[in-house]
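Me: I have a model open here and would like to go through its contacts and its empty spaces with you. Can we take it piece by piece?

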Amino acid sequence: MSSIESFEAEPAVPTLGHFINGDEVPAANRTGAVFNPATGEVSKQVALADAAELEQAIIAAQTAFPAWRQTPPQKRAQILFRFKSLLEQHAEDICQLITAEHGKVIDDAHGELGRGIEIVEYACGISELLKGEFSKNAGPEIDSWSEFQPLGIVAGITPFNFPAMVPMWMFPLAIACGNTFILKPSERDPSAPLLLAKLFQEAGLPDGVFNVVNGDRETVDLILQDSRIAAVSFVGSTPIAESIYQKGSANGKRVQALGGAKNHAVIMPDADIDNAVSALMGAAYGSCGERCMAISVAVCVGEEAATKTVSALQERIEGLKVGPGIDAENDMGPLVTAEALQRVKDYIEEGVTAGADLVVDGRGLAVPEHESGFFLGPCLFDHVTPQMSIYQDEIFGPVLCVVRVQSLNEAMALVNQHEYGNGTCIFTRDGEAARFFSDHVTVGMVGVNVALPVPIASQSFGGWKRSLFGDLYVYGPDAIRFYTRRKTITQRWPASSVTEDAKYSFPSS
Ligand code: NAD
C-alpha cells in the first residue's frame with residue numbers, strides 16, 4: 001500500500017463564516033471545530049474572527065447607524081413584525097440547527113425559540129417604549145422633557161446553552177432602540193444565530209444594522225478594546241462575565257454581564273411532593289442541566305420531606321429517556337462537548353470522594369449507536385453538605401444535589417450565603433412562608449411553586465450577587481434603559497416683546 005493510499009483524509013465539513021453588512025462573509029483565517037454532541041463528530045468548522053474580520057462589521061455597523069437612528073420607531077417595529085413572522089415560519093429549521101449543535105431535545109429548542117420570539121413581540125411595541133417623559137411648565141414658559149437616544153454600536157457576546165434565545169434577549173431590543181448591533185455568538189453552536197441574522201435581513205432590516213461575527217476569546221478581546229463599540233451585553237460563566245465587566249468598563253463602555261448560577265429549590269414539609277418532584281425533574285435534568293436557571297440543589301426541610309423527595313426522584317429518573325435530541329421520544333440529550341462531559345464526571349468523582357451519597361449514578365449510561373456522543377445519565381446526590389465542591393460550584397450538567405435541613409431559616413441561610421443569586425424557588429402550601437422567602441431571599445428571580453421562574457418578556461431577567469455584573473437586567477424595561485442614553489432638554493420660548501435683565505442667582509422654578 002502506498003503512503004498516499006494509507007493516508008485517511010478527514011471528511012470535508014462546511015465552514016461557517018460571518019454575516020456582515022447584509023451578506024455572508026467567509027472565514028478569513030482561523031477556524032474552530034463545531035461538534036454534533038449526539039455523535040461526537042465534528043460537523044462543521046466555524047470562523048474565529050481576527051481584527052480585520054471584526055473591522056468589517058464595525059465599519060458596517062458604523063455606516064448603518066446614522067440612518068437607522070433616524071428611522072421612526074414605528075418603521076423599525078414594522079420590520080420586527082415581519083421578523084417575528086419569519087421566525088415562526090422557519091421555527092423548525094432554527095430548532096434543528098440548535099439540536100444538531102447544542103444537543104438539546106427538539107421540543108426544548110422550540111421552547112427556547114418561543115421565549116426569544118416573545119422578546120421580538122415586546123420589541124414590536126418600541127414606539128410606546130421610547131415615548132420619553134415630558135414636563136409642561138417646568139418653569140416660566142419652559143417645557144422640559146427626557147428622550148432616550150440610541151448609544152451607537154452595541155455588541156452582544158453569548159453562551160452556548162441558548163444559541164437563539166440569549167442573542168434574542170439582546171439584539172431585537174437594542175436594534176429597536178435605534179442602535180446597530182454586532183453579535184459574537186458561542187463558537188460551539190453558531191448556525192442558529194447566523195440564520196436569525198439572515199431572517200432579520202429578509203424582514204427588511206437595512207444592511208449593517210445587525211451583524212454576526214463568529215469568534216472566540218481573541219475576538220472578544222478585540223471587541224472590548226474598540227472605542228467605537230459603545231456598550232456590551234454579555235451572558236456566560238461568572239469568571240468571564242466578571243472580566244468582561246472590568247475590561248469593558250475600564251475602556252469606557254456600558255456593560256451588563258450575566259454570569260453563572262447555583263439555583264436552590266426549597267421543599268417545605270407541607271409541599272405537594274409529587275408535583276414538586278415533577279417540576280424538579282424538568283428543572284434539574286431538562287437540557288441536560290445546561291441552563292443558567294437549572295435547579296442544581298434541592299434543599300429539603302425536615303427528614304420526611306427529604307426521604308419522600310429522594311425516593312420520588314429516584315423513581316422518576318428510571319423513566320427518563322436519554323438519547324439524541326433529534327428523536328422527539330427523548331427527554332434529555334447529550335452534554336455539549338467532550339470537555340463538558342469530562343468536567344461533570346470529575347465533579348461526580350469529587351462528590352463521591354467528599355462523602356456525598358450518589359443515589360443515582362448516570363456515568364454507566366450507553367446510548368446505542370451513539371457510543372461516541374457526549375452522553376451522561378441523570379445523577380442524584382443525597383446528603384450533600386455546603387463544604388463540598390458539588391454544592392459550591394456550578395456543575396452545568398445533569399447532577400442534582402439534595403441537602404437536608406431542619407427549618408426554613410436554615411434553608412434560606414444556605415441560599416443567601418451562596419456566591420450566586422440567579423434563580424431560586426420554594427415549594428409550599430404556606431403563604432406566610434412563601435412571602436417571607438420571596439421577601440428576604442438574596443436572589444434576583446424567585447419562584448413560588450414555580451421551578452424555573454424565568455421572567456416574561458415585559459419584565460426583565462437578571463440575578464444578584466456574582467450572577468450579574470452591572471446595574472441593569474436584560475430585556476424588558478431594563479433593556480430600554482441599557483440600550484439608550486437619556487437626554488433631558490429644557491426649552492423656553494419667552495414673549496419676544498419683553499426685555500430681560502441678567503440674573504445672577506441660580507435659576508429655580
Ligand atoms: P463561557 O463563559 O465559556 O462563554 C460565553 C461567551 O464568552 C462565548 O461567546 C465565548 O466565546 C466567550 N468566551 C469564552 N472564554 C472567554 C475568555 N476567556 N475571554 C473572553 N471571552 C470568552 O460560557 P458558556 O460555557 O458558553 O455558557 C455557560 C455559562 O453561561 C454558564 O456558566 C451559565 O450559567 C451561563 N449562563 C448564564 C445566563 C444568565 O442569564 N445568567 C444565561 C445563560 C448561560
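Me: Is Arg-228 buried, exposed or partly exposed?
Reply: This is a predicted model, and in it Arg-228 has a relative accessible area of 27%, so it counts as partly exposed.

Me: And which residue does Arg-228 form a salt bridge with?
Reply: The partner of Arg-228 is Asp-226, and the closest N and O atoms of the two are 2.8 Å apart. Asp-226 counts as buried, because its relative accessibility is 14% and the limit for that class is under 20%.

Me: How many salt bridges does the structure hold?
Reply: The structure holds 25 salt bridges. Among the residues involved, Arg-30, Asp-216 and Glu-218 are linked to one another in a network.

Me: What about Glu-500, which side chain does it meet?
Reply: The side chain of Glu-500 meets that of Arg-492 in a salt bridge, with 2.5 Å from N to O. Glu-500 is partly exposed at a relative accessible area of 46%, and Arg-492 is partly exposed as well, at 36%.

Me: Now Asp-382 and Arg-404, buried or exposed?
Reply: Both Asp-382 and Arg-404 are buried, and their side chains form a salt bridge with an N to O distance of 2.8 Å. Because Asp-382 belongs to strand E16 and Arg-404 to strand E17, the pair ties together parts that are 22 residues apart in sequence.

Me: Staying with E16, which way do its residues point?
Reply: Strand E16 covers residues 379-382, with Cys-379 and Phe-381 pointing one way while Leu-380 and Asp-382 point the other way, and all of them are buried.

Me: Are E16 and E17 parallel or antiparallel?
Reply: E16 pairs with strand E17, residues 399-405, in the parallel sense over three bridges, and within that pairing Cys-379 has Val-399 as its bridge partner in E17.

Me: And how does E15 run against E16, parallel or antiparallel?
Reply: Strand E15, residues 357-360, runs antiparallel to E16, and three bridges join the two. On the E15 side, Leu-358 has Phe-381 of E16 as its bridge partner.

Me: Switching to the empty space, what volume does the largest pocket have?
Reply: The volume of the largest pocket is about 1,100 Å³. Its lining is made up of 42 residues, and the closest to the centre are Pro-159, Phe-160, Gly-236, Ser-237 and Ile-240.

Me: Which elements give two or more residues to that lining?
Reply: Those elements are helix H9 (217-225), strand E11 (229-235), helix H10 (238-250) and helix H13 (338-354). H10 gives the most to the lining of the largest pocket, namely six residues.

Me: Where does the largest pocket lie with respect to the domains?
Reply: The largest pocket lies between domain 1 (15-259 + 467-488) and domain 2 (263-448), because both of them give residues to its lining.

Me: How do the residues of that lining divide by type?
Reply: The lining of the largest pocket divides into 19 nonpolar, 10 polar and 13 charged residues.

Me: OK, and the cavities, how many are there of 30 Å³ or more?
Reply: The count comes to three cavities of 30 Å³ or more. The largest cavity holds about 100 Å³ of space, and of the 15 residues that line it, Gly-289, Ala-294, Ser-296, Glu-394 and Phe-396 lie nearest its centre. By type, the lining of the largest cavity has eight nonpolar, four polar and three charged residues.

Me: What lines the second largest cavity?
Reply: The second largest cavity, with a volume of about 40 Å³, has a lining that includes Arg-115, Glu-118, Ile-119, Met-165 and Trp-169, as well as Val-454 and Tyr-475. Helix H5 (106-123) and helix H7 (165-176) are the elements that give two or more residues to this lining, and the largest share, three residues, comes from H5. The residues around the second largest cavity divide into eight nonpolar, no polar and two charged.

Me: Last one, where is Gln-417 placed?
Reply: Gln-417 is in helix H15, which covers residues 408-417, and with a relative accessible area of 65% it is exposed. The C-alpha atom of Gln-417 is separated by 27 Å from that of Ser-233, and the two residues are 184 residues apart along the chain.

Key: Residues are numbered from 1 along each chain as its sequence is written. This is a predicted model: local features need pLDDT of at least 70, side-chain atom pairs count only at pLDDT 80 or more; totals for chains, interfaces and linings use all residues. Side-chain values use heavy atoms; hydrogens and water are left out. On a 1 Å grid over the protein atoms alone, a cavity is a set of points where a 1.4 Å probe fits but cannot get out, and a pocket is an open set with protein on both sides within 12 Å along at least five of seven lines; lining residues have an atom within 4 Å of a point. Grid points are joined across faces, edges and corners, and a volume is the space filled by probe spheres set on the points. Helices (H or I, at least four residues) and strands (E, at least two) are DSSP runs, numbered from the N terminus. Ala, Val, Leu, Ile, Met, Phe, Trp, Tyr, Cys and Pro count as nonpolar, Asp, Glu, Lys and Arg as charged, and the others, Gly among them, as polar. Domain bounds come from an automatic or database domain assignment. Buried means under 20% relative accessible area, exposed over 50%, partly exposed in between (1.4 Å probe, protein chains only). Two strands pair if DSSP finds at least two bridges between them. A salt bridge is a side-chain nitrogen of Lys or Arg within 4 Å of a carboxyl oxygen of Asp or Glu.
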